[in-house]
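Visitor: Could you take me on a close look at one buried spot in this protein, and then show me how the aromatic rings and helices are put together elsewhere?

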Amino acid sequence: MYATSSGEGCYIGSMKRTPTAEEREREAKGLTQFSHLRKWGNDNLRPSEKASKHSAQYLKLRLLEELEDTWLPYLTPKDDEFYQQWQLKYPKLILREAASVPEELHKEVQEAFLTLHKHGCLFRDLVRIQGKDLLTPVSRILIGNPGCTYKYLNTRLFTVPWPVKGSDAKYHEAEVAAACQTFLKLNDYLQVETIQALEELAAKEKANIDAVPVCIGPDFPRVGMGSSFDGQDEIDMKNRAAYNVTLLNFMDPAKMPYLKEEPYFGMGKMAVSWHHDENLVDRSAVAVYSYSCEGPDEESEDDPQLEGRDPDIWHVGFKISWDIETPGLAIPLHQGDCYFMLDDLNATHQHCVLAGLPPRFSSTHRVAECSTGTLDYILQRCQSALQNIRDEADYGEVSLKSLEPVVLKHGEEIHNEVEFEWLRQFWFQGNRYKRCTDWWCQPMTQLEELWKKMEGLTNAVLREVRREGTPVEQRNEILTAILTTLTARQNLRREWHARCQSRIARTLPADQKPECRPYWEKDDPSMPLPFDLTDIISELRSLLLEAKP
């Protein structure tokens, strides 16, 4: 059923006081000018592979510059138009009120949140944004299918495995194991609810019904698929709800001395800025369970001084990307509420999390795009690179099967991938995963051994390049094939080493301090090549120049 709205209806937050005639004229002029910016943004910067982050950043700065001291309009449940706008402009956003979720599940999930927090299993991430390292205000942990990873803000998180059938995961504490089991149970529940929501959305779109239910209470009549859907539709919906990870979040606003203000609508303090969720399967759903630990139960709707959203209550904000005409939404999140972003909503819209007063947990269930992000994938890549080894001597020196430039380039690219997307990503996060499980210890040891063999492969390529009998043309082809990759390796090693030594990294607790690994000193007898490749790259460039007429 639809929740009722109260209060007088108009867009909240467009001005803090009654505007003068001059200000109204300026605002109208600004919005007219801005329509061109909006069109440009819609044409070029809808989230896709075509739109660069630099372009999006430029448009954001233009937007803020044009707005000056005015706010774009947004709505809360106090506004008469709130639910109408939600149905018309945000129909793929569904809220399930806490009362519609089984009470026993609430109890288990909320206890699991507190258990993981008690055992110190949630961590603030040291992420990379526009070349700078920043510590997230939100603490997180990734739970999901064994061997899966999820990457956001240039940071690869590694799953603490939930106990799926066949898993051999060992946990640091029995309570941690029970918590992971609970989030698997929640995942199963949210999958069912997501498929149901997708069915209802599809049924109403097929029947050409505009009024899609967006806020669902406990007594809302559920609609089944019926006979109008074929088997492929059902498979597609299940795939889009096949959540393989959940990213758990925690933040206590009282312990955060500074939180950013929401910049476009004046919605107040943000725990998480405007964004699209990254690295998800195309058109897959996202399901979020929200748990505010304590605090006010209802918004202060009778407070005449209160404009916009109640800052004491957590909200999720939504807006259409680069659209200044459609009002944004600020939806209050009460203890145990769930919301679902269906179909392409995550691509066409942005969302943010607006901080309230009490501490808050959330469990955000996703279909992570794991085609290049599983342990099985990277192990297969390693084996692909190492297929070029013909023989390996007892002391580690190898000979190569092929000197074809495309084969050598392929091997060096995999070498970089395992070093910078896996090993350094993992050890940059210190030893924090051991708080929960030792599941990743053996795989990381295995990956490091395979990576070390790739160092031997690179050394073998360099021997061939330096060999006196190597034909000039062949040498040049090999150098051209590998030089860019080796230069990238050197640059990335410098960057990761500097990140591990940064001031902000040194402030982290001992088990969370970044470790620059793999790292070795010059003349280490166990390593075929030095850590610093500067001299080698200079040598290779000289060889390439010498060969040119």
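**A buried alanine, and the packing elsewhere**

Guide: A287 counts as buried because its relative accessible area is 0%, and the cut-off for buried is under 20%. Keep in mind that this is a predicted model. A287 belongs to strand β11, which covers residues 286-292. Who touches it? Setting aside neighbours within four places in sequence, the contacts of A287 are L190, T194, Y243, Y339, F340, S363, T364 and H365. Take Y243 from that list: Y243 and A287 are 44 residues apart along the chain, yet their C-alpha atoms are separated by 8.8 Å.

Now for the rings. The model has 23 aromatic pairs. One of them joins Y74 and F265 edge-to-face, with 6.4 Å centre to centre and 85 degrees between the planes. That pair ties together distant parts of the chain, 191 residues apart: Y74 sits in strand β1 (residues 74-75), while F265 is in the loop between β9 (245-251) and β10 (270-275). Y74 and F265 are both buried.

F158 and Y433 make another edge-to-face pair, at 5.9 Å centre to centre with 80 degrees between the planes. Here the two partners are 275 residues apart, with F158 in strand β6 (residues 155-158) and Y433 in the loop between α9 and α10 (441-466). Again, both F158 and Y433 are buried. They also belong to a bigger group: ring pairs connect F158, W422, F426, W427, Y433, W439 and W440 into a cluster.

One ring of that cluster has a charged partner as well: R517 lies over the face of W427, 4.0 Å from the ring centre. Elsewhere, K319 lies over the face of W274, at 5.3 Å from the ring centre.

W422 leads us on to the helices. Helix α8 (residues 375-386) packs with helix α9 (residues 405-428) at an angle of about 145 degrees, and their axes are 9 Å apart. The crossing of α8 past α9 is left-handed. On the α8 side, L375, Y377, I378, R381, C382, S384 and A385 make the contact, and α9 brings in H410, G411, I414, E417, V418 and W422. Sorted by class, that contact comprises eight nonpolar, three polar and two charged residues. So if you're following W422 on screen, you'll find it both in the ring cluster and in the contact between α8 and α9.

Methods. Residues are numbered from 1 along each chain as its sequence is written. This is a predicted model: local features need pLDDT of at least 70, side-chain atom pairs count only at pLDDT 80 or more; totals for chains, interfaces and linings use all residues. Side-chain values use heavy atoms; hydrogens and water are left out. Axes are lines fitted to C-alpha atoms, for helices over the stretch in contact, and angles run from 0 to 180 degrees between N-to-C directions. Helices (H or I, at least four residues) and strands (E, at least two) are DSSP runs, numbered from the N terminus. A crossing is left-handed if the near helix is turned anticlockwise from the far one by less than a right angle, and right-handed if clockwise. Contact means heavy atoms within 4.5 Å. Ala, Val, Leu, Ile, Met, Phe, Trp, Tyr, Cys and Pro count as nonpolar, Asp, Glu, Lys and Arg as charged, and the others, Gly among them, as polar. Rings of Phe, Tyr and Trp (its six-membered ring) pair if their centres lie within 6.5 Å; planes under 30 degrees apart count as stacked, over 60 as edge-to-face and the rest as tilted. Buried means under 20% relative accessible area, exposed over 50%, partly exposed in between (1.4 Å probe, protein chains only). A charge sits over a ring if NZ of Lys or CZ of Arg is within 6 Å of the ring centre and within 35 degrees of the ring normal.
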